[in-house]
Amino acid sequence: MSRTREITVTVNGAAFEGAVEPRLLLVDFLRHTLGLTGTHVGCEHGVCGACTILLDGDSVRSCLLFAVQTDGRRVETVESLGRIGQMNALQESFHEHHALQCGFCTPGMLMTATDLLKKYPLATDDDIREGLSGNLCRCTGYDHIVKAIRALLTSKAGAVR
Amino acid sequence: MKPASFDYVAADSIDMAVASLAEARGGAKIIAGGQSLVPMLNFRMLRPALLVDINPIAGMAFIEDAGKDIRIGALTRHHQIETSAVIARHLPILSCAMTHVAHLAIRNRGTIGGSLAHADPAAELPMMALLLDAEIRVASSSGMRTVAARDFFLGALTVDLADGEIVTEIALPKVPPKTGWGFEEVARRSGDFALAAVAVVLTVSEGAIAQARIALTGVGPTPLRAADAEALLVGGAFEPGVAGRLTDAVRAAVEPDSDLHASSEYRRHLAGVLAGRAVAGAWRRANEAAA
């Protein structure tokens, strides 16, 4: 085992200070060290999108980052969005539109959608599909996920008017 | 699916990074975005003794209009290039190409220096560097040097970089006035590596093509320029008779492999079709720019 490193990282608003082995993937750090099992481990090579989290506000794959690289940085996981009985608007929209079945891809879908909504106008449903193309779902056929995001955009536009 | 053990250095300067590389005597890998490297570590295709993390280096992610050239720092993320106003204004074909690079979460993290140094045979950025006659600046503990993109890509995943060297910056010459561009790609799914992609820039003068550049990726071990196809375009207008000869010249220039995703024949066929479309698009935009 190689030398461990001391890191300080803010995860969902709480500071973690401790030692990590350099080869520890961020997703394993989140799940095993911090017990934040909302983030799912799928392919472990950056293809499925299930482990998507926000690093300093940008969506990234937590299977393609090492925990040691998050020293001094800010990480947000699906646990930051809301909790049972207190879901955020995106989660409510997923619930409302049946945008999940088994739920394995859902944390990655939610974190990707959070970043997409921030960075792109998503004028058409094709734009939403393009934006979600890095996240695999084997249950829904994607239609209801697209609908959930579209509905949120529509309700936000309504709120602005 | 977990990496083998490695030691880790967070470099906060290029000097520190190259010193760490030199000390490791070939046992180190640089990690920039890590979007290609970490899968290879997870699969244990690579087992470096040391990872030199260059992400903490300040001032290595930038897009700068330097007059003749656009200079891009090696640590610039794909999403920064995709959304850069400077790139959109001077090299719009690069803005378009970036939307084909993987997915948002990958583009948020992946870097231009990493993509060029990794040199995946189906990646977009090596093709764009070759198309735009990029110069790649490289540092090592013994100093700096500059490599032209045409000399940089040596084979699949193989570039002109020694163990102790690191890409620091990419300089892309601005295109001349009256230039149009075309970009065409076919991938199995949105964001996948290209089965074949073609990028074209044409400069027109008095109704004829004065300069033509055609680059391809996914159709050989490295990106390539279709020199014969470029030559036959120069001096005339882009007309239906030329289109047929262009397709043949592009197909003759490529040597695609067969793999799980597509046969060699299909990739060669695609290269011709996509080149025709990309040149037509570039011809239209060049004439609009000249009007």
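Here is a short conversation about a predicted model, looking at chain B and its contact with chain A.

Me: Happy to start with overall form: what radius of gyration does chain B have, and why does it agree with a compact globule?
Reply: Chain B has 291 residues, and a compact globule of that length would be expected near 19 Å. The value for chain B agrees with this rule, because its radius of gyration is 19 Å.

Me: Along its principal axes, what does the C-alpha trace of chain B span?
Reply: The chain is built with twelve helices and 14 strands. Taken along the principal axes, the C-alpha trace of chain B spans about 60 × 45 × 30 Å.

Me: What percentage of the residues in chain B are buried?
Reply: A residue counts as buried if 20 or more other C-beta atoms lie within 10 Å of its own. Among the 291 residues of chain B, the buried share is 52%.

Me: And of the contacts in chain B between residues at least 6 apart in sequence, what share joins residues at least 24 apart?
Reply: Here we set aside pairs that are less than 6 apart in sequence. Of the contacts that remain in chain B, the share joining residues at least 24 apart is 63%.

Me: Which helix of chain B, at residues 124-131, is largely enclosed by the rest of the structure, and why?
Reply: The buried residues there include B:Glu124, B:Pro126, B:Met127 and B:Leu131. In fact eight of the eight residues are buried, so the helix is largely enclosed by the rest of the structure: this is H8 of chain B.

Me: Which residue with a positive phi follows H8(B)?
Reply: Just look past the end of the helix for a phi near 50°. The residue with that positive phi is B:Asp133.

Me: Is B:Asp69 buried, partly exposed or exposed?
Reply: B:Asp69 sits in strand S5 of chain B, residues 69-73. Buried needs 20 or more other C-beta atoms within 10 Å, and exposed needs 12 or fewer. B:Asp69 has 17, so this residue is partly exposed.

Me: Leaving aside neighbours within four places in sequence, which residues does B:Asp69 contact?
Reply: For contact, the C-beta atoms must lie within 7 Å. With those sequence neighbours left aside, the partners of B:Asp69 are B:Ala171, B:Leu172, B:Pro173 and B:Lys174.

Me: Which element gives the most to the side of chain A that touches chain B?
Reply: In this pairing, 26 residues of chain A are in contact with 26 residues of chain B. The elements of chain A giving two or more residues are strand S4 (58-61), helix H3 (106-119) and helix H4 (125-131). With four residues, the element that gives the most is S4(A).

Methods
Residues numbered from 1 in each chain as written. Chains lettered and ligands numbered in written order. Predicted model: local features only at pLDDT ≥ 70, side-chain atom pairs only at ≥ 80, totals over all residues. Contact = placed C-beta atoms within 7 Å. Rg over C-alpha atoms; globule rule 2.2 N^0.38 Å.
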